[in-house]
Amino acid sequence: MKTLPHELWEPVIGLEIHVQLNTKSKLFSSAANRFGDEPNTNISVVCTGQPGALPILNKEAVRKAVQFGLSIGSKISLVSKFDRKSYFYPDCPRNFQITQFERPIVVGGTVTAFVEGTPKIFHVNRAHLEDDAGMLKHFTTFAGVDFNRAGAPLIEIVSEPCIHSAKEASAYAAAVRAIMLYLDASDGNMEEGSLRMDVNISVRPQGSTELRPRIEIKNMNSFSFLEAAIESETKRQIALYSKEPHRPPEEIIIPGTYRWDPEKKETTLMRRKESADDYRYFPEPDLVPVVLNQNYIDEIRSSLPELPQDRYNRYLEQLELTPYSASLLINDKPLCDYFEETLKIYPNARQLCNWITVEFTGRLKERGQTLLSIGILPAHVAKLLAMIDSQLITGRIAKQVADDMVASPGLDPEIIVKKNPDYLPVTDTSEIEPIVDEVLAANPQSILDYKAGREKAFAFLVGQVMKLTRGKASPAIVNELILKKIKSTNP
Amino acid sequence: MSQFDNQTLENLKRLCRMSCTPEEDQDILHSLSRVLDYVEQLKEIDTTGIASCDYVLQSMLKNLMREDEVKPTLPREEFLHNAPDQIGGMIRVPPVMKAP
Amino acid sequence: MTHTPLHHFSAAQLRDSFVKGEFTAVSIAEYFLKRIEQHNQQLGAFLSILGPRMLLKAEALDRKRAHNKPLGRLAGVPVAIKDNMHIAEEITSCGSKFLNNYRAPFEATAVRLLEEEDALITGKTNLDEFAMGSSNEHSAYFNAHNPWDLSCTPGGSSGGSAAAVAARLSLIATGSDTGGSIRQPAGFCGVVGYKPTYGRVSRYGLVAFGSSLDQIGPFATRVEDIALAMESIGRHCPFDSTSLDFPPESYHLQANLKNIKIGIPRHFLENLKPEAKIHFEDNLQILRSLGASTIDIDLDILKYSIAVYYILATAEASTNLARFDGIRYGMRAKDAKTLDEIYELSRKEGFGREVKKRIMLGTYVLSAGYQDAFYKKAQKVRTLIIEAFDKAFAICDAVAMPVAPSSAFPLKSISDPLEMYLQDIFTIPANLAGLPAISVPSGFDSRQMPLGLQLIGPQMCDVPLVQYAHAFEQATQFTRKIPPLFDGLNS
C-alpha cells in the first residue's frame, strides 16, 4: 500500500459521553447528589459499599433517561435491566459498578449538531443508566478517596462511530450537552465533571468503510481538549501507518487506554487492554428489571420542553435568523434564554442576535464572563438597541456604550449616554455640511455609480462621512445632506 | 474438561486481587479442578430455547423505585470509624497512578 | 414462681408469661445470659454475647410493661442473631478475620423488626465464614458443636444459631439460608428451621453471599415460634428491591393435613442410605395418618442442583465479597505499601481458605471465555429446575424430602470439598427456585442423633407450609426433647 498523504486519511470516532443527572439524590441511595461539599458528607451505606447495603433505583433518574431517549427519537426499552461490571479501584465502593450492559433503557436515536454552523445528523447507538465512582484526590505521598460522587446517577450516551473530525466531535458533544440543559436533566458543568467524554478513535483511508484498530482516550472534560486530542491522535496514527505502510493495522495500532496531556499536547498511554479488563458482566441480582408502560412513555413525550432542534427551527422559520447565528445561540442555553428574555422587550431578532452573540459576547469573553455572570440586564440590552434604531446614537457609539456597560454592569445605557454628551450624534448641519462636500468632491465616481442605481455607492459615501466625523455625525442628517447634494449636482 | 492449571490460577488471582500461600495455591488448584470436573455434568442437559433465570421470582417482580428525595444517611464519623486509614475526612491510600 | 425452668418454655409461652407479669424481662435476660456464660465455652455457639445491651433493653421493656404500654409479639423472648446480620453499633464479623473490628453502621431490617416486637437479643452467633460452609468448621474464630454430641458438627453455615436454640441458650435465633444453611443445621440439631419464600424477609443488613439465593429465617424449638418470628420479620422492606411487596401474613396453625397432597420425588431419592430411607418412609406414614396423601413426582433434574448452585452462588459471591478490599473498612494488611498490596495482602490474610476457593471459582465461571459454558448454562438449568417444581406443584401441595443425607457428622470427618458440597443436595433446590422450605425434627437415628424432615412449598405459600410442619410436629413431639448435656437447671 502506497503511503497516503495526510489529507487522504479520515479519523473514525465514536464518543461515549457520561452525563451526571441533576437529581436531588443519587441513583441507588438517598444521599445528596451534590458537588463541592466537604469530603464524605454526602454518603450512605449503599454508596460506600457497606456489607449488607442494597441499591434502590431513583425513579427520577429513570424519567430523565426516558426524556433524553425521546428527545433524540430513540426506542425506549419497555424492559431494561441492570448488570454488575467488576473492576477494582479505590474510588469504586463495591469494586463493581451497577450499569446496564445487556439491555439498556434507550436504544438508537439521532442527534443534530451544528458543525461550524451547518446542521449535521449523528447516530446514537444506545444510552443507559449507571452509577458514578467516587473521587480520588492525588497528593505526593498518598491519595485520598472521597465518596461524595460515588453513586451519582450517570447517563452514558454511546454514539456510532460516525464522527469524522475534531469539529464534528465537539459539535456532537455540545449538542448532547444542549439537550441535557434544555431538558433540565443535567447542569452540564464540565469543570465540575458533570459531563465527561471518552473518545474511541481510529483512522482509515478516505472512502474506505473498514474499521481499523482503535484506541480510547478517556475522561475529557473540555471541548477544546477534545478537539486537540483528536487532532493530535489522528496525526499520530497516520504517522504510524505511513511509517510502515505494509504492516497490518493490528500490529501498528495496539488497543489501549490513553489520556490527553494538555501540557505536553499529546496523548499518553495509560494501559494496554488486557485480561485485567474482563468486566465479567452479569445481571444485578439485587435489582428487579425496569418495566415501563406505553402510558408512562407517552406522558413524558407529551410533556417534553422545547428542545434545541425545535428552537433552532423556530429561529430559522419565525425569527428568520441565519443558520449560523441560530447555531451560536442554541448550544448555549443560558445565553439563549437570555436572548429569549430580551426578545420579549426588543423584537428585532437579527439585530439582537448579532449584539448578543458577537458584540457583547466578544467583549465578555476577554473577561472570562457571560452576560449573565456579569449582571447586565436584558432590559438594558434592549434599551441600547432601541437607541440605535431610533438613531439617538450611531452604531459606532453604541459599541462604546457597550464597552461602558461591560465595565459597569447594571448601569442603564440611557444614563450612560446622558452622562456622555459626546455620545450623542452631532446634529448641527453647519458642522456636517463641509465634510459632506469634502467627501462628495473626493468621490465623483461614487456619485455616478449611485445615479446609475448602485445603492452600495451611497452607503460608501455615508461611511466616508461617518469616518471623517469619527462616527459622531447623525446618520439621518448625513443621509439627508448627501442625498440633497447629489440631487443638486449635474446628472 | 476444563483446563484449570497454574496459569489459570494466576490469572484468577489477578482478577480477584487475591494473594495466596503456595500451600493454598495447591489446595485451591486441586479443589477447583474437582468442582469444575463435577459441574461439567451440566453439559448433559439440553437447554436450547430455555431462557436464563435472571430473576427467581420473575412473575412477581414489580418495579421497585424510590422517590427522588434526600434523606439523612451515613454520618461521616460513622463511616470513618471503620476506616483503616484516613486523612482530612477522606480514606487514605498509597499514591495511585492517575486514572485513565 | 413456676417450677418449669425458663429454658423449657417455648417463645410463645414465655411471651405470655411475661405479659402476665410472671417474670421480669431483666430476670429472663439474666437467666439466659447465665446459661450462655455457662455453656458457650463448650458449645461455641456465640461469637459475641451482648449482655449489657440485653439488660438495658430488658429494663426498658419492664418499664414499658409497668406503664401498661402494648407489648410486642416477642416480648421478653431471648433471640440470637447470626453474625452476618447487622445490629447497629455492634460488631458484625461474619465469622471472618476480615471483619473482626467492623462496627455495623446500620441495622438489619429483620433485627429491627424483632426488637420492635420487644425481643431481647442475646448475642451474635457463630457461622461458617461469610456463610460459606455446611459444618461451621470454616469459622475463622472457633468451631461450633452439636449439643447432642459435642464431637459432631451442628451443621452450617448457621451452626451457632442452631446450637444456641437446641441448647436452649436462646429460644429463637435468626439464620441465613443460601443453600440450606438454616435447614440443615436445624435438622442436625433437632430444632425447627425455616427458609421463607425468596423476598419474604428483607435482606437489608444481611451481608450478602448469594444475592438471588439468600434468605433470612428463624430457628426455634417449636413451629409455633417459627410462626411468631415470621409474623414479625416477614414484611415488605423499602430498602430491599427484591423484597416482596405484599402485606404481612398471619400464621394460623392447624393440626391436621386433611386433603393435603405431599409430593415424593422417589427417583431423585433412590440413592438414600437404607437407614435414611426407612426413617423417611416412617415420616411419610405419619403424614398420611394426619390425613395427607402422597403422590409420586418427577424432580430428577434436581440431581444437577449442586452443580448449578456452586456456579451461581459463587459467581454472585465473588462480586459480593469484592468490597472487602482493605480500603474503606475491615482489615488492611499492615505490610501493604502499594494499592495492589493492600488488595492482595488484605484479602490473603483476611479470608479463610474456603472463602478464597469460592471467590476464585465464582470469578472463573464469570470470566471471558467461560461465562457461556458455566454461568449462563447454570442460569438456564435453574429455569428448568423452577419449571420442574411448577409441574410438581400442579399436582401436590408440598414436596417432602429428608433435609440431609444423614445426621450430623463428626467434626473434621469431611475434608474433601466436593463431599461437603454434596451434603446440601436436598436443601439447595429450594434456594434455586425461591421456594419456602422448612426442616422439622423427625426423630433420631441409630447414633441417637437428630434427623429432620424437609417440606417444600410453592412460592408465596409460606403460611400453608408452616401449617403442615406444625401438624407433623404436633403428632410427633420430637421438639420436646432437649439435649441432655444442656438440660441441667441453672444453679
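# Reading strands, contacts and a buried helix

Me: Let's start with chain A. How many bridges join β9(A) to strand β12 (residues 153-159) of chain A, and do they run parallel or antiparallel?

Reply: Seven bridges join β9(A) to β12(A), and the two strands run antiparallel. To find your place in this pair, look for A:E130, which stands opposite A:L154 in β12(A). Keep in mind as we go that this is a predicted model.

Me: Which strand pairs with β9(A) over six bridges?

Reply: That is strand β8 (residues 110-115) of chain A, again in the antiparallel sense. A:V115 has A:T118 as its bridge partner in β9(A). β8(A) and β9(A) form a hairpin, with two residues between them.

Me: What is the phi of A:E116 in that turn?

Reply: A:E116 has a positive phi, about 45°. There is also a pairing between strand β7 (residues 106-107) of chain A and β9 (residues 118-131) of chain A, antiparallel over two bridges. Within it, A:V106 is matched with A:A127 in β9(A).

Me: Now the contact between chains. How do I read a sheet that uses strands from both chain A and chain B?

Reply: Walk across it strand by strand and note which chain you are in. Here an open sheet of four strands has the order β10(A)-β11(A)-β3(B)-β2(B), with antiparallel pairing. The edge strands, each pairing on one side only, are β10 of chain A and β2 (86-87) of chain B.

Me: Where does this sheet cross from one chain to the other, and over how many bridges?

Reply: The crossing is between β11(A) and strand β3 (residues 90-93) of chain B, which pair in the antiparallel sense over three bridges. A:A143 is a handy landmark: B:V93 in β3(B) stands opposite it. On the chain A side, A:A143 in β11(A) also stands opposite A:H138. β10(A) and β11(A) are antiparallel and joined by four bridges.

Me: How many residues does each chain bring to the contact between A and B?

Reply: Chain A brings 48 residues and chain B brings 33 residues. On the chain A side, several elements supply at least two residues each, among them α1 (59-71), β10 (135-138), β14 (215-220) and β16 (266-272). The largest share comes from β11(A), with four residues. Sorted by class, the side of chain A that touches chain B has 22 nonpolar, 15 polar and eleven charged residues.

Me: And which element gives the largest share of the side of chain C that touches chain B?

Reply: First the totals: 54 residues of chain C are in contact with 41 residues of chain B. Helices α9, α10 (339-350), α11 (353-366), α12 (372-393) and α13 (417-421) of chain C each supply at least two residues to that side. The largest share, eleven residues, comes from α12(C). This side of chain C divides into 26 nonpolar, twelve polar and 16 charged residues.

Me: How should I think about a helix such as α9 of chain C?

Reply: A general idea helps. An α-helix has 3.6 residues a turn, so residues three or four places apart point the same way. Then check the length: at 1.5 Å a residue, the 16 residues of α9 (residues 305-320) of chain C should span 22 Å, and the end C-alpha atoms are indeed 22 Å apart.

Me: Why is α9(C) described as largely enclosed by the rest of the structure?

Reply: Because 16 of the 16 residues of α9(C) are buried. "Buried" here means that 20 or more other C-beta atoms lie within 10 Å of a residue's own.

Me: How do I judge the overall form of chain C?

Reply: Compare its radius of gyration with that of a compact globule. For 491 residues the globule would have a radius of gyration near 23 Å, and the 21 Å of chain C agrees. The C-alpha atoms fill a box of roughly 70 × 60 × 45 Å along the principal axes. Chain C has 15 helices and eleven strands, and 64% of its 491 residues count as buried. Among contacts in chain C with a separation of 6 or more, 75% are between residues 24 or more positions apart.

Me: Back to chain A: into which domains is it divided?

Reply: There are domain 1 (6-295), domain 2 (332-423) and domain 3 (429-488). The C-alpha centres of domains 2 and 3 of chain A lie 29 Å apart, and their contact takes four residues from each.

Key. Residues numbered from 1 in each chain as written. Chains lettered and ligands numbered in written order. Predicted model: local features only at pLDDT ≥ 70, side-chain atom pairs only at ≥ 80, totals over all residues. Contact = placed C-beta atoms within 7 Å. Nonpolar A, V, L, I, M, F, W, Y, C, P; charged D, E, K, R; others polar. Pairing = 2+ DSSP bridges. Rg over C-alpha atoms; globule rule 2.2 N^0.38 Å. Buried ≥ 20, exposed ≤ 12 C-beta atoms within 10 Å, placed from the backbone. Expected span 1.5 Å × (residues − 1). Domains from an automatic or database assignment.
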